Amino acid sequence: MCGVFGIRAPGRDVARLTYFGLHALQHRGQESAGIAVSRDGRLTGLRDLGLVAQVFDERKLSGLPGELAIGHTRYSTTGSNAWANAQPLLHHGPARTVAIAHNGNLTNADALRTELGGRFGSTSDSEVVAALVANDERPVREAAAAALERLQGAATVVGLADGRLFGFRDPHGFRPLVLGRLGDDPVLASETCALDLVGARFEREVRPGELVVADADGVHAEQVVPEARRGALCIFEFFYLARPDTRLAGVEVHGARVRMGERLAEEAPADADLVLPIPDSGTPAAIGFSRASGIPFSEGLIKNRYVHRTFIQPEQGMRVQGIRMKFNPLAEVAGKRLVVVDDSIVRGSTTRQIVQMLFDAGAAEVHVRISSPPIVAPCFYGIDLASEDEMIAARASVDEVREAIGATSLAYLSLEGLQASTRRPESALCRACLTRSYPTPVPARSDKLRFEPSAV
Ligand code: SF4
């Protein structure tokens, strides 16, 4: 879970535009943020732990002049939440210096790191990508193409080198990347909402396996690796990660989530007085559930929007504390039979606390409805879901999960229902954390700290 942004726009304030682009991608990672710029071919970067607005201010942005820029918001999926792993990463190699911003997890990072040898400044798999380009004596376009050919797993990348902006997606297309235009200037972004925010128009999605390079001669696109026969855009993007106003593969995410809720109401109706979401991620599906069932929608739980998304915070201790600070029920839930809609249950601890909070506020019944199927397997492609033994549904039946979260009833959306709501064919999506059927070979170990000095 990370957001990437890139722009080539001589004459514009590229760092400032990237800053705003990153604001639109803040939901994809809240641990660190950074911007790297290229001015006359020289790279400068500024990155730090924290939110975009905490890392940058007017003074820092004005110290980043250039014609090209990339930016990154990070949630750690490989490597710890440490400054050294904040991106964009700058890597100095014999051929050039490269700045990289990466979303996704490589499944062959261990082998590539071993092959490339020492001198890594981070414990993140992303630096491998930078090193491959920085070590390659050929022109940037060929070096980036060669790097793309070597990578396995999930890699949506934007980079700067030799005064050029480049971006690519792995051949499965696990993570999104779109190409837009601000006037004639090319913009790359994880999601269309970032194009909207900077005033760029959407041109097209970068295809899986495609490399895009922007320089003084324009934008060159090349299908470096054939698109995988089985596409694997992450279905989690549809029901949880992407912003609702983003269009993924031409489908508006909010609309897809409303359809998930409508379908859920058909598959798992409940006799109830109010439908309420666990905000914000459960809101569109709760709207859909309410519409399809005719049960009135209620805000029910008021969210303190200044406490960040609990899922994004990596430590379990922080997560428990986060929930207590985050929601407060309205008086209208007292005495009511409630349908509570959320997008997913991973560990179950958040849902259990919310159910308890609603009963404490006087709810008569709490029927939990989840707009995705049970999550039963880890992700190797860039979403830090938890390990399998931490996933409540991996080892428990639906009724056991219901009991653990203390709900009156519990139902999940079927896989078919979720699939249909995305309006994408099964062959276009990764659903491995729901099905245990991975679209690529995966490493035996998914430990995100495996490149830390203390890791064995
Ligand atoms: S395993 Fe799940 S979270 Fe990971 S890419 Fe596939 S669908 Fe997305």
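These legends go with close-up views of a predicted model.

**View 1. Seven strands side by side in an open sheet.** Follow the strands across and you'll meet them in the order β3-β2-β4-β1-β10-β9-β11. The pairing here is antiparallel. If that word is new to you: strands of a sheet pair through backbone hydrogen bonds, either parallel or antiparallel.

**View 2. The edges of the sheet.** Look for β3 (42-49) and β11 (201-205), which stand at the edges. Each has a single partner strand, so one side of each is left without a neighbour in the sheet. As for the twist, neighbouring strands are turned by 15° against each other on average, direction ignored.

**View 3. Zooming in on β2 and β4.** Here strand β2 (residues 32-39) runs antiparallel to strand β4 (residues 68-74), and 7 bridges join the two. Want one to find yourself? Pick out Ser 38 and look across to β4, where its bridge partner is Leu 68.

**View 4. A helix resting on the sheet.** Helix α1 (residues 14-24) packs on the sheet and touches β1 (2-8), β2, β4 and β9 (178-182). The direction of α1 makes about 25° with that of β4.

**View 5. Inside the largest cavity.** The structure holds 3 cavities of 30 Å³ or more, and the largest has about 80 Å³ of space. Which residues come closest to its centre? Of the 13 that line this cavity, they are Cys 234, Cys 379, Cys 430, Ala 432 and Cys 433. Two helices, α8 (235-241) and α15 (432-435), are the elements that give two or more residues to the lining. Sorted by class, the lining has 11 nonpolar residues, 2 charged ones and no polar ones.

Conventions:
Residues numbered from 1 in each chain as written. Predicted model: local features only at pLDDT ≥ 70, side-chain atom pairs only at ≥ 80, totals over all residues. Heavy atoms only, no water. Pairing = 2+ DSSP bridges. Helix = DSSP H or I, 4+ residues; strand = E, 2+ residues; numbered from the N terminus. Axes fitted to C-alpha atoms, helices over the stretch in contact; angles between N-to-C directions. Contact = heavy atoms within 4.5 Å. 1 Å grid on protein atoms, 1.4 Å probe; cavity = no way out; pocket = protein on both sides within 12 Å on 5 of 7 lines; lining within 4 Å. Points joined across faces, edges and corners; volume = space filled by probe spheres on them. Nonpolar A, V, L, I, M, F, W, Y, C, P; charged D, E, K, R; others polar.
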